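Let us look at one protein model and ask what justifies the words used to describe it. Each term has a cut-off, and each value can be set against it.

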Amino acid sequence: MKRFITALAAGILMLSGCSTMRSETADVDIQSSTAVIITHVHIDRNGREVTVHGSLRPKSAAVTRVGHVDVEFIGASGLVLETVKAETNTQQFSHKSSRSPTFSATVEIEGFDTVRLIHHPDTLQQCEL
Ligand SMILES: [Zn+2]
């Protein structure tokens, strides 16, 4: 919990849609889907241990499935070094709650330049990656 608070104090990147923004540690490339927007992305780095957090927002009230996020760590040459699937804290968007579903993934990695976040509407189990 302490590390999470530290990350918040360091600043949260407000991102939406397809955009690339320089964070303190890496470029962030966000690929939202037609149904869901990836937002509030931040990267928390502690030596080799890297945690990527973010929130998910439905584009319309008709969207109920949260899906999941694939996180790619990309090196300077453009090569994907590692792909991880980020777990979400819930599977369904709640229209009663104002709290957005969140996702996070932690990996041990170094030497990457860019973190790419890709939303998939399927559940983790259905992901073909
Ligand atoms: Zn996937």
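The questions below go through the fold, a metal site, a strand and the core.

Q: What kind of model is this, and how are its residues numbered?
A: This is a predicted model, where local features need pLDDT of at least 70 and side-chain atom pairs count only at pLDDT 80 or more, while totals for chains, interfaces and linings use all residues. Residues are numbered from 1 along each chain as its sequence is written, and side-chain values use heavy atoms, with hydrogens and water left out.

Q: What makes up the fold, counted in helices and strands?
A: The protein has one helix and eight strands. Along the sequence they follow the pattern α-β-β-β-β-β-β-β-β. Helices (H or I, at least four residues) and strands (E, at least two) are DSSP runs, numbered from the N terminus.

Q: Why are certain atoms called donors of the zinc ion?
A: Donors are N, O and S atoms within 2.8 Å of the metal (3.2 Å for Na, K and Ca). The protein donors here belong to H68 (NE2), D70 (OD, listed twice), H120 (ND1) and C127 (SG), and they lie 2.0 to 2.6 Å from the zinc ion. That range is within 2.8 Å, so the atoms count as donors. Water is not among the atoms, so the site may look incomplete.

Q: How are the donor residues spaced in sequence?
A: The spacing is H-x1-D-x49-H-x6-C.

Q: Why is H68 called buried?
A: Buried means under 20% relative accessible area, exposed means over 50%, and partly exposed is in between (1.4 Å probe, protein chains only). H68 has a relative accessible area of 1%, so H68 is buried. D70 has 0%, so D70 is buried.

Q: What makes E87 exposed?
A: E87 has 53% relative accessibility, so E87 counts as exposed. E87 is in strand β6. Its C-alpha is 6.5 Å from that of H68, with their places 19 residues apart in sequence.

Q: How do you know that E87 is in contact with F103?
A: Contact means heavy atoms within 4.5 Å. Leaving aside neighbours within four places in sequence, the contacts of E87 are T102, F103, S104 and L124.

Q: Why is β5 described as largely enclosed?
A: Seven of the seven residues of β5 are buried, so the rest of the structure largely encloses this strand. Both faces are covered. H68, D70, E72 and I74 are on one side, and V69, V71 and F73 are on the other.

Q: How do you know that β5 pairs with β6 and β8?
A: Two strands pair if DSSP finds at least two bridges between them. Six bridges join β5 to β6, and these strands run antiparallel. Seven bridges join β5 to β8, also antiparallel. Among the partners, F73 bridges to E82 in β6, and I74 stands opposite T114 in β8.

Q: What makes β6 and β7 a pair?
A: They share two bridges, in the antiparallel sense. The cut-off is at least two, so they pair. In this pairing, T88 stands opposite F103 in β7.

Q: Why is the pair of F73 and F112 called edge-to-face?
A: Rings of Phe, Tyr and Trp (its six-membered ring) pair if their centres lie within 6.5 Å. Planes under 30 degrees apart count as stacked, over 60 as edge-to-face and the rest as tilted. The structure holds one aromatic pair. F73 and F112 are 5.1 Å apart, centre to centre, with 70 degrees between the planes, so the pair is edge-to-face. F73 lies in β5 and F112 in the loop between β7 and β8, so the pair ties together parts that are 39 residues apart in sequence.

Q: What makes a set of residues a nonpolar core?
A: The set holds buried Ala, Val, Leu, Ile, Met, Phe, Trp, Tyr and Cys residues joined through side-chain atoms within 4.5 Å. The largest such core has 25 residues, and V71, F73, V115 and L117 touch the most other members. The largest share, four residues, comes from β3. In soluble globular proteins, nonpolar side chains tend to be buried together.
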